[in-house]
Amino acid sequence: MIEETIFDYLNDNASVPWFAMRPPTTGDHTDPGTYGLFEKTNSTKTDHVVTSTFAFQSYAPTLLEAAQISAELRQLMEDLPNVTTEVSKAQLSGEYNFTNTADKQPRYQAVFTLVHFEDF
């Protein structure tokens, strides 16, 4: 599953933890403060080749730190086709300030289109 590949790759190589859903902020768990979230927003399939769009959100206490996490993510994602045979292309579609308007938490968002092979 491509989500597992991305999750493992980012958590093995990034300087901050990456999650597929926002970490809990209640009970024994606290918001890590500096982290990343990712989700698949679209997929199409032709034969056994899949094109998927992913949104990556970098959270940090300051906008500069969020931008730095996003810059690291860009480099990691651009390198992904070189370190796995599952992904043949990773292309940045856009990157921008995406500060949360509800809680004013600084964040950046990068959107990537990946070409990868279908899981069997």
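Reader: What makes the contact of Glu95 with Arg74 a salt bridge?

Author: In this predicted model, the closest N and O atoms of Glu95 and Arg74 are 2.7 Å apart. The cut-off is 4 Å between a side-chain nitrogen of Lys or Arg and a carboxyl oxygen of Asp or Glu, so the pair qualifies.

Reader: How do you know that this pair links distant parts of the chain?

Author: Glu95 is in strand 4, whereas Arg74 is in helix 2 (residues 63-83). The two are 21 residues apart.

Reader: Why is Glu95 called partly exposed?

Author: Its relative accessibility is 28%. Buried requires under 20% and exposed over 50%, so Glu95 falls in between. Arg74, with a relative accessible area of 25%, is partly exposed as well.

Reader: How many salt bridges does the structure hold?

Author: The structure holds 3. Among them is the one in which the side chains of Lys40 and Glu3 meet, at 3.1 Å from N to O.

Reader: Why is it said that Lys40 and Glu3 tie parts together?

Author: Lys40 lies in strand 2 (residues 35-46) and Glu3 in helix 1 (residues 2-13), so the salt bridge joins parts that are 37 residues apart in sequence.

Reader: What makes Glu3 partly exposed rather than buried?

Author: The relative accessible area of Glu3 is 21%. Buried means under 20%, so Glu3 does not meet that condition and counts as partly exposed. Lys40, at 34% relative accessibility, is also partly exposed.

Reader: Why does the contact of Asp103 and Arg22 count as a salt bridge?

Author: The side chains meet at 3.8 Å, N to O. The limit is within 4 Å, so this pair is accepted.

Reader: Where in the chain are Asp103 and Arg22?

Author: Asp103 is in the loop between strand 4 (87-97) and strand 5 (107-117). Arg22 is in the loop between strand 1 (18-19) and strand 2. They are 81 residues apart, and the pair links distant parts of the chain.

Reader: Why is Asp103 called partly exposed?

Author: Asp103 has a relative accessible area of 41%. Exposed needs over 50% and buried under 20%, so Asp103 is partly exposed. For Arg22 the value is 32%, again partly exposed.

Reader: What makes Lys104 exposed?

Author: Lys104 has a relative accessible area of 60%. The threshold is over 50%, so Lys104 is exposed. Lys104 lies in the loop between strand 4 and strand 5.

Reader: What is the sign of phi at Lys104?

Author: Phi of Lys104 is near 65 degrees, which is positive, and the residue is not glycine.

Technical notes. Residues are numbered from 1 along each chain as its sequence is written. This is a predicted model: local features need pLDDT of at least 70, side-chain atom pairs count only at pLDDT 80 or more; totals for chains, interfaces and linings use all residues. Side-chain values use heavy atoms; hydrogens and water are left out. Helices (H or I, at least four residues) and strands (E, at least two) are DSSP runs, numbered from the N terminus. Buried means under 20% relative accessible area, exposed over 50%, partly exposed in between (1.4 Å probe, protein chains only).
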